[in-house]
Amino acid sequence: MSTADKNHIVIFDTTLRDGEQSPGATMNLSEKISMARQLDLLGVDIIEAGFAASSSGDFEAVAAVGREVERATVCSLARTSIADIDRAAEALLHTKKKRIHTFLATSPVHMEHKLNMTPDQVLRRIDETVRHAAQCCDDVEFSCEDASRSDPDFMVEACRIAVAAGAKTLNIPDTVGYAQPAEHAARIAYLRERVPADIVLSIHCHNDLGLAVANTLASFQAGARQAEVTVCGIGERAGNASLEEVIMALTVRKDYYGLTHGIRTEQIYPSARKLSRIIGQNIARNKPIVGANAFAHESGIHQAGVLKNPATYEIMTPDAVGLPGNAIVLGKHSGRNAVKDKLEAMGYSLATDQVDTVLGAVKRLADIKKDIYDEDLEALVLEEIYRIPDKYALVHLGVQAGDTGLPPTAALVLDVDGKRVQEVCFGVGPIDAVFKAVDKATGRRPGLEQFSVNAVTGGADAQGEVTVRISENNRTAVGRGAHPDIINAGARAYLNALNRLSKKEEEA
Ligand code: KIV
Ligand code: ZN
């Protein structure tokens, strides 16, 4: 279906920009590239890869995603400043299909207290900077930040100036999650009547009152044809409208909305899993579409109904959103081609040496765990390929715990900046002993803010996936590690978090 179709919704994904602004969701460069590949596979039309002028890390991310992704348009955010727009254009230099997204607030409270600008100055700034952006890039989007608290006529005036200066998409954000569905739809309808029909109206909703998805869907009915969304709804504060909820509402209730989209819905669950792994945050069990309970039926009446006919209690099938069956994928005797094919089907196109690295890890895991599932394989890829270069690496770990008369004890050997360091420590429990030994060996003493263990797959031999969040000197870092032995997984997660923390220190 062509995006020129008047009933087609353009999906603008901002997981890597607004989503990354969510507390604890920072991604490193290789993680952003990996997530961008997945978004491309998912079929989003536009990937907002970052805010090029905000940091050298974001500039690199926009440039790298722009080089990497060929199908989707890649976009950089920019304030309405010539320098920001030039930086966005520079980051997108080698991007095949590109967009610059520039924004300025139009609400009285933002203009007066944040920008310190008069309404006239705001309008002049929009004219001057959107005009500049249109000279740098054919595809320019303008956003009225805090549109939902802006005077509708002033917002329309700002939008008309942006259109006259060259913007092709007008985005109407509910920046603070204040709007109500019918009210926001009325705002979109008001604008739709006052700007040319070929200008795409876009919607960008935050979830402070839990209405981001409802506001987005209501806006489609008033003429919005682009939705700015994030995977799992991650984003500033309570987050953004969630991609999977918007898409499945359009899909399941096509009879009601009569709108199309280009998302491959069977890539929804793999995308949510990948994001969750990358940012080290679990998906809530009751999360619509992708939570563990979304297709689980507990009550006897429901179970009986679903067995007779799934349509009794399921409005969509698990297959439709890519929820995996538990098919065994690989084992001890799998070869390079099987691993490569499986990785490609999961959206990882790795170089030959990287496939070999994963194959080696598959064989090692197969020695201790008979069946290797998609989730195991993905945990290995993230562990082996997308880890940031390690300053601290685990070489050996031995732990004794249980009713031995001795306190739990950890003995370990680490590689610290290329030097072997060994330590032994007692602890309150085995994990405490391991973390103390790591602290001693590395000379660091971060605070442990979160420690969680998840089974990657079912069964007693499942890999344990540990996620930790640590903080030191006002910096926080999330780390994760997977291993069939959860103490070992904990050590890897803790070291991964320390490596990320030291990377942040270097960058600062
Ligand atoms: O929420 C918001 O207003 C934004 C803009 C930059 C589009 O994220
Ligand atoms: Zn936003």
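Modeller: Before we start, here's a handy cut-off: helix axes at angles under 35 degrees count as roughly parallel. Also keep in mind that this is a predicted model.

Biologist: Okay, so are α5 and α6 roughly parallel or oblique to each other?

Modeller: Let's work it out from the axes. Helix α5 (residues 119-136) and α6 come within 8 Å, and their axes cross at roughly 25°. That angle falls under 35 degrees. So for α5 and α6 the word is roughly parallel.

Biologist: And what handedness does the crossing of α6 and α7 have?

Modeller: First, the setting: the axes of α6 (residues 152-165) and α7 (residues 181-192) come within 10 Å and cross at roughly 45°. That makes α6 oblique to α7. As for the handedness of the α6 and α7 crossing, it is right-handed.

Biologist: Let's move on to the ligand. Which side chain has a polar atom 3.0 Å from an oxygen atom of ligand 1, besides that of H206?

Modeller: Two histidines help set the scene. H204 has a side-chain N or O atom 3.1 Å from an oxygen atom of ligand 1, and for H206 the distance is 3.0 Å. The other side chain you're after, with a polar atom 3.0 Å from a ligand 1 oxygen, belongs to R17.

Biologist: How much of the accessible area of ligand 1 does the protein cover?

Modeller: Start with ligand 1 on its own, where the accessible area is 260 Å². Then count what the protein covers, and you get 94%.

Biologist: Which elements give two or more residues to the shell around ligand 1?

Modeller: The surrounding residues include H101, F103, S143, E145, N171 and P173. By class, the shell has two nonpolar, six polar and three charged residues. The elements that supply two or more are β4 (98-105), β5 (140-145) and β6 (169-174).

How values were computed. Residues numbered from 1 in each chain as written. Chains lettered and ligands numbered in written order. Predicted model: local features only at pLDDT ≥ 70, side-chain atom pairs only at ≥ 80, totals over all residues. Heavy atoms only, no water. Near = heavy atom within 4 Å. Polar contact = N/O pair within 3.5 Å; in protein donor to acceptor, adjacent residues only side chain to side chain. Areas by Shrake-Rupley, 256 points an atom, 1.4 Å probe, with all protein chains shown as cover. Helix = DSSP H or I, 4+ residues; strand = E, 2+ residues; numbered from the N terminus. Nonpolar A, V, L, I, M, F, W, Y, C, P; charged D, E, K, R; others polar. Axes fitted to C-alpha atoms, helices over the stretch in contact; angles between N-to-C directions. Parallel < 35°, antiparallel > 145°, perpendicular 65-115°, else oblique. Left-handed = near helix turned anticlockwise from the far one by under 90°.
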